[in-house]
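Work through the following exercises with the sequence and the model side by side, and try each task before reading its solution.

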Amino acid sequence: MTPDTPTDLRRVTIKAMTDAGWVTGTFCVPSSVRLVDYMERAPSFLTLSDVFMQAHSKGLPFLALQSNAIEFMAIDGNEDPSSAEDTQIMEDHSISCLLTN
């Protein structure tokens with residue numbers, strides 16, 4: 001956590017497939033909510049920091065990514081289901097994806 005990040009938030013690093021290609025970055029999620037539950041009610045835009053885009057050779061310090069532009073998203077690391085106080089999804093499932101890109 002950085003000094004600017006409130007302690008009730010945790011930083012999550014994601015890799016998202018969009019029409020513009022892969023976008024990698026970090027955003028903050030409330031500590032009491034699982035990422036999957038947060039994304040179910042995500043705001044219109046995710047504010048990402050430390051961003052790398054496949055189409056750019058240099059990283060970006062900030063990017064506002066429209067939530068509905070995300071076709072597929074993977075998190076860096078494991079999500080601990082017991083870390084959330086309010087959990088909507090009760091079972092973990094395995095999935096496979098075939099993407100057009």
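**Exercise 1: the nonpolar core**

Task: Identify which members of the largest nonpolar core touch the most other members, and which elements supply the core.

Solution: Of the 16 residues in the largest nonpolar core, those that touch the most other members are Ile14, Val23, Phe27, Val29, Tyr38, Leu48 and Val51. Such a core is a set of buried Ala, Val, Leu, Ile, Met, Phe, Trp, Tyr and Cys residues joined through side-chain atoms within 4.5 Å, where buried means under 20% relative accessible area, exposed over 50%, and partly exposed in between (1.4 Å probe, protein chains only). Two or more residues each come from β1, β2, α1 (35-40), β3 (45-53) and β4, and β3 gives the most, with 4 residues. Helices (H or I, at least four residues) and strands (E, at least two) are DSSP runs, numbered from the N terminus. Leucine 48 has contacts (heavy atoms within 4.5 Å) that include Ile14, Val23, Phe27, Phe62 and Leu65, residues up to four places away in sequence not being counted.

The model is predicted, so local features need pLDDT of at least 70 and side-chain atom pairs count only at pLDDT 80 or more, whereas totals for chains, interfaces and linings use all residues. Residues are numbered from 1 along each chain as its sequence is written, and side-chain values use heavy atoms, with hydrogens and water left out.

**Exercise 2: the sheet**

Task: Establish the strand order of the open sheet and explain why β4 and β5 each have one side without a neighbour.

Solution: The 5 strands follow the order β4-β3-β2-β1-β5 with antiparallel pairing, two strands being paired if DSSP finds at least two bridges between them. Because β4 (60-66) and β5 (72-75) stand at the edges with a single partner strand each, one side of each is left without a neighbour in the sheet. Next, take the pairs in turn: β1 (residues 9-18) and β2 (residues 21-30) share 10 bridges, β2 and β3 share 3, and β3 and β4 share 6. Particular partners include arginine 11 opposite cysteine 28, threonine 26 opposite serine 49, and phenylalanine 45 with glutamine 66. Finally, a hairpin of 6 residues joins β3 to β4.

**Exercise 3: the salt bridge**

Task: Locate the salt bridge of aspartate 50 and decide whether this residue is buried or exposed.

Solution: The structure holds 1 salt bridge (a side-chain nitrogen of Lys or Arg within 4 Å of a carboxyl oxygen of Asp or Glu). Aspartate 50 forms it with arginine 11, the closest N and O atoms being 3.3 Å apart, and the pair links strand β3 to strand β1 across 39 residues. Aspartate 50 counts as exposed because its relative accessibility is 53%, whereas arginine 11, at 33%, is partly exposed.
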